[in-house]
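Reader: I am new to this structure and would like to learn how to read its features. Could we begin with a single residue and work outwards?

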Amino acid sequence: MTKDFAKEVVAFLNTRNGTIYIGVDDNGDVLGISNVDKTMREIRDIIRDQILPSTEGLCEIGSLLEDDKTVIVVKVTKGTKLYYIKKEGRSATGCFYRDGTSSTPMSEEEIDRRFFASLNYKRTLLSEMPVNRTDLKFETLRDKLRSNDVHINDDTFFNNFNLVTHSGKFNLLADLLSDENRISIAVCVFKGKDKTEYLMRNEYDNKSLIQGYKDAINYCEAINPTYVDVSSRPRKEKRMFDNKAFEEAWINACVHNLWDTHISPQIYIYEDRMEIESQGGLPYGLTEEEFLAGISKPVNPDLMDIFKSCRIVERSGHGVPEVVKVYGKNAYKFSTNTITVTIPFDKTGFNQDGTVNGTVNDDMLSNSEKRIMNVISLNGNLTRKEMCEQTNLSLRTVARTLDSLKNKGLIYRVGSDKTGHWQIVEKNEED
């Protein structure tokens, strides 16, 4: 029992609060403990002598009577340090974390990360990591800030938005936000329910993260059309997945990703679900319960500040509860190095490929929607003002109609608001 028990205690200390039952087998059958006092002393000795650092106050040992048999109960509280088996040291054979119902060895990278964090090691900010680039431009970021009435002083722009280090060099934050960055965001589409059959990979690279994150959203919203159930009165509208929850999960993935790993967050689309994966795992010092409750501990506070200034996020900690409210806590899966959010598809009323099953058609479009669809089919590069001129609609009506068509999954924006164009979502002929 000695090493296996120590491993279980270490895993809970490093991951989350948990309870260990001694005298119950793997099937849940109660076997009981014959010499309770002796076993409890051995457990105390193991915890005290074989686990480092000190676990004082973190382990509570007790007993309970089940089916007339005594079971020893060890309640473990998550600690604030990196815990390990003394004999094995801070290594993969000595450091463990809880992954579901299993105790899993930590990687060397994770051991280092947790150890430094446990020493109150201050994580280096993106704005403190210099990059070897001198040619960065930020027109996308500038336009986004101006559109949200944020004042820009060209003389102090780099310093005001933390785009240079103290020595004046561009930093990783600047690289991410520049018009031609080196980070690639991808939406990967697979045919079935796993990664066996690959269909396509949509790359959003060589552009500011401010634009790349939105392009990924636009693509995903374009494959999420509105289904109208005309058999009920009043008729009901639904979509394959909740757009708001998806956007919150995706924005969180972009803001809290460990960008210094040079691995970007990704979206994987399968037949029955979407998965959003970001690098970094659970922020150190937060339990799963705290994370899911919306307690915020920004991984990249400097990037979070930029997203707030651009009105992409309003406040910290809002996104996770929004996803949990719609899809439950099980939507989140935590591993040592990643966080994965799973958003299931509800395809009732849709074809297998996700297109609407003959329910969104011309009869269900308003006159203004029909006019806008017609001009886009002829020229998707028209500005809103030009659409006004060709449809005799007001600028406000054009804007509202474009939003309506986008929400119905009939059109999507390609590129930026300034230089991009509108595209009609292609449907199968039977649709």
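Author: Leaving aside neighbours within four places in sequence, I276 is in contact (heavy atoms within 4.5 Å) with F246, A249, W250, A253, Q266, I267, I339, T340, V341 and I343. This is a predicted model, in which local features need pLDDT of at least 70, side-chain atom pairs count only at pLDDT 80 or more, and totals for chains, interfaces and linings use all residues. Residues are numbered from 1 along each chain as its sequence is written, and side-chain values use heavy atoms, with hydrogens and water left out.

Reader: Which residues have the most contacts inside the largest nonpolar core?

Author: In soluble globular proteins, nonpolar side chains tend to be buried together. A nonpolar core is a set of buried (under 20% relative accessible area, 1.4 Å probe, protein chains only) Ala, Val, Leu, Ile, Met, Phe, Trp, Tyr and Cys residues joined through side-chain atoms within 4.5 Å. Here the largest has 67 residues, and those with the most contacts inside it are L141, F246, W250, I267, M274, I276 and Y332. Helix α8 (residues 243–256; a DSSP run of H or I, at least four residues, numbered from the N terminus) gives the most to this core, with eight residues. Apart from it lies another core of 23 residues, among them I72 and V76.

Reader: Along strand β1, which side chains are buried?

Author: In a regular strand the side chains alternate between the two faces of the sheet. In β1 (residues 18–22; a strand is a DSSP run of E, at least two residues), G18, I20 and I22 point to one face and are buried, while T19 and Y21 point to the other and are not. I20 stands opposite V74 in β4, and Y21 stands opposite V73 in that strand.

Definitions and conventions: Buried < 20%, exposed > 50% of the residue type's maximum accessible area, 1.4 Å probe, protein only. Pairing = 2+ DSSP bridges.
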